[in-house]
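Me: I've got a new model open and want a quick tour. Can you walk me through the fold, then the cysteines?

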Amino acid sequence: MGIGSSSSSNPESIAMALAKAKEVAASAPVVVFSKSYCPFCTKVKQLFTKLGASFKAIELDVEGDGADVQSALAEWTGQRTVPNVFINGKHIGGCDDTLALEKSGKLVPLLTEAGAITGSASKTTMTA
Ligand SMILES: N[C@@H](CCC(=O)N[C@@H](CS)C(=O)NCC(=O)O)C(=O)O
């Protein structure tokens, strides 16, 4: 491994990963840093799908620099676990945090404001 290699977790590669994490986090209305085998990640992605919200998922166990991005996210957000959810570029938290937002009725407005939910809301009930 030569000097300047980005394939190991050193401060330099984590700094690069931090720049990437920040760029990716703001690159879509909803971004989920995830792992393909993580049940909490599946749950959160299923919730967004159920709500009709588009999202971008980055599977850190598949990405070559996933470990560095995870370390960068831990430094930046204080959260090392996945899923690590961003809405409108803003850090939301993990699965529990996202589910709590839904329970309190705040998630759909956030998703709508971010532009992740477009068109008519499927859960809207019209009473005559
Ligand atoms: N309470 C957390 C649970 C998340 C969690 O435990 N995720 C596991 C993967 S299933 C994790 O990130 N473990 C550390 C790691 O993969 O590095 C949440 O609500 O998001």
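Reply: Sure. This is a predicted model. Four strands form an open sheet with mixed pairing, in the order β2-β1-β3-β4.

Me: Which strands are at the edges?

Reply: β2 (56–59) and β4 (90–93). Each of these pairs on one side only.

Me: And what is the average twist?

Reply: From one strand to the next, the twist averages 25°.

Me: How do β1 and β2 pair, parallel or antiparallel?

Reply: Parallel. β1 covers residues 30–34, and four bridges link β1 to β2.

Me: Which residue in β2 is the bridge partner of Val 32?

Reply: Ala 57 in β2.

Me: What does helix α2 touch?

Reply: α2, residues 39–50, packs on the sheet. The helix touches β1, β2 and β3 (84–87). Its direction makes about 160° with that of β1.

Me: Switching to cysteines. How many disulfides?

Reply: The count is zero.

Me: Why is Cys 95 not in a bond?

Reply: Because its sulfur is too far from any partner: the closest cysteine sulfur, in Cys 38, is 7.8 Å away. A disulfide needs the two sulfur atoms within 2.5 Å.

Me: Is Cys 95 buried or exposed?

Reply: Buried, because its relative accessibility is 6% and the cut-off for buried is under 20%.

Me: What about Cys 41, buried or exposed?

Reply: Cys 41 counts as buried too, at 0% relative accessibility.

Conventions: Residues numbered from 1 in each chain as written. Predicted model: local features only at pLDDT ≥ 70, side-chain atom pairs only at ≥ 80, totals over all residues. Heavy atoms only, no water. Pairing = 2+ DSSP bridges. Helix = DSSP H or I, 4+ residues; strand = E, 2+ residues; numbered from the N terminus. Axes fitted to C-alpha atoms, helices over the stretch in contact; angles between N-to-C directions. Contact = heavy atoms within 4.5 Å. Buried < 20%, exposed > 50% of the residue type's maximum accessible area, 1.4 Å probe, protein only.
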